[in-house]
Amino acid sequence: MILLGIDTSGKTASAAVCTEASVLAQTSVYTKLTHSQVILPICRDVLKNAGLELSDVDGIAAAAGPGSYTGLRIGIAAVKGICFALNKPCVGISTLEALAYNVSLHKGVICSIMAARQDLVYGAVFRSDGRVVSRITEDRILPLDELKASLEAMEGDIVVAGDGSDKLTGERFITAPPHLRLQLASSLCAAGFAKEMYSPDKLEAAYMEFTKAEKDLSGSN
């Protein structure tokens with residue numbers, strides 16, 4: 001099975017083509033350009049580098065959130081467009097789960113953490129056996145102190161990945177190295193191989209917060 005992974009949930013735009021056994025091609029770009037300008041050219045390039053056409057791909061794994069509202073919308077719209085055009089299935093993957101797969105070689109607890117707003121973070125805790133990642137907690141948006149307190153109650157060293165990694169400090173917290181700290185589309189694929197794919201009309205973003213438009217409609221501040 002061949003998956004194309006597309007991640008536009010953060011500042012890094014990433015695309016990869018993977019089989020269950022290997023990463024055939026991957027490109028990640030940390031750029032000031034908008035994801036709408038770079039993600040489709042990146043997809044074109046990784047497919048070309050892998051010697052494949054879009055028609056060769058069996059499905060697409062998309063970052064479904066949490067993350068940048070605009071970035072998620074761009075990536076999900078691209079995935080839906082491709083899948084509808086080529087009659088391909090897709091699967092939405094939690095950004096936090098994919099980040100845990102970046103460091104799945106760690107046998108133990110992994111915390112994925114992304115900056116949200118003010119003193120809040122997006123966080124989830126996982127456990128890895130060195131290959132397979134399983135959940136300890138659901139994805140949450142919560143105060144940093146609350147996440148840190150829950151982690152300190154766990155045993156052993158904790159590997160931390162995500163753009164909020166620097167917020168967790170202490171002897172037991174091990175920050176992922178720079179090349180594994182931010183979103184990687186190959187990790188979306190790694191998570192996607194273990195999940196059931198579905199029609200693109202079912203693909204939705206998991207924002208975990210109301211968008212500005214939703215707040216305006218509801219009259220919330």
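Student: What percentage of the 221 residues of the chain count as buried?
Tutor: The model is a predicted one. A residue counts as buried when its relative accessible area is under 20%. Of the 221 residues of the chain, the share that meets this cut-off is 48%.

Student: Which radius of gyration does the chain have, and why does it agree with that of a compact globule?
Tutor: For 221 residues, a compact globule would have a radius of gyration near 17 Å. The C-alpha trace spans about 50 × 45 × 30 Å along its principal axes. The chain agrees with the globule value because its own radius of gyration is 17 Å.

Student: Among contacts between residues at least 6 apart in sequence, what percentage join residues at least 24 apart?
Tutor: The chain is made up of seven helices and eleven strands. When contacts between residues at least 6 apart in sequence are considered, the portion joining residues at least 24 apart is 63%.

Student: Is α6 largely enclosed or exposed, and which of its residues are buried?
Tutor: Seven of the eight residues of α6 are buried, so this helix is largely enclosed by the rest of the structure. The cover over these residues includes β1 (2–7), β2 (12–19), β3 (23–30), β4, β5 and α3 (95–102). The buried residues themselves are A185, S186, S187, L188, C189, A191 and G192.

Student: How many aromatic pairs are there, and which geometry applies?
Tutor: The count comes to one aromatic pair. The ring centres of Y69 and Y207 lie 5.1 Å apart and the planes meet at 75°; planes over 60 degrees apart count as edge-to-face. Y69 belongs to helix α2 and Y207 to the loop between α6 (185–192) and α7 (212–218), so that the pair links parts of the chain 138 residues apart. The geometry of the pair is therefore edge-to-face.

Student: Is Y207 buried or exposed?
Tutor: The relative accessible area of Y207 is 17%. The cut-off for a buried residue is under 20%. Y207 is therefore buried.

Student: Which peptide bond is cis, and what is its omega?
Tutor: Most peptide bonds are trans. P66 is located in the loop between β4 (59–65) and α2 (69–86). The peptide bond from G65 to P66 is cis, with omega near 5°.

Student: Where is N87 found, and is N87 buried or exposed?
Tutor: N87 is found in the loop between α2 and β5 (90–94). Its phi is near 55°, a positive value in a residue other than glycine. Most residues other than glycine have a negative phi. With a relative accessibility of 70%, N87 counts as exposed.

Student: What is the phi of Q118, and what is its relative accessible area?
Tutor: Q118 is found in the loop between β6 (107–115) and β7 (120–129). Although Q118 is not a glycine, its phi is positive, at about 50°. Q118 is exposed, and its relative accessible area is 72%.

Student: Where is L168 found, and which residues does L168 touch?
Tutor: L168 is located in the loop between β10 (158–161) and β11 (173–175). Its relative accessible area is 3%, so L168 is buried. The C-alpha atoms of L168 and L147 are separated by 9.2 Å, with their positions 21 residues apart along the chain. Not counting residues up to four places away in sequence, L168 touches C111, I113, L144, K148, L151, V160 and F173.

Key. Residues numbered from 1 in each chain as written. Predicted model: local features only at pLDDT ≥ 70, side-chain atom pairs only at ≥ 80, totals over all residues. Heavy atoms only, no water. Helix = DSSP H or I, 4+ residues; strand = E, 2+ residues; numbered from the N terminus. Rg over C-alpha atoms; globule rule 2.2 N^0.38 Å. Buried < 20%, exposed > 50% of the residue type's maximum accessible area, 1.4 Å probe, protein only. Contact = heavy atoms within 4.5 Å. Phe/Tyr/Trp six-rings, centres within 6.5 Å; stacked < 30°, edge-to-face > 60°.
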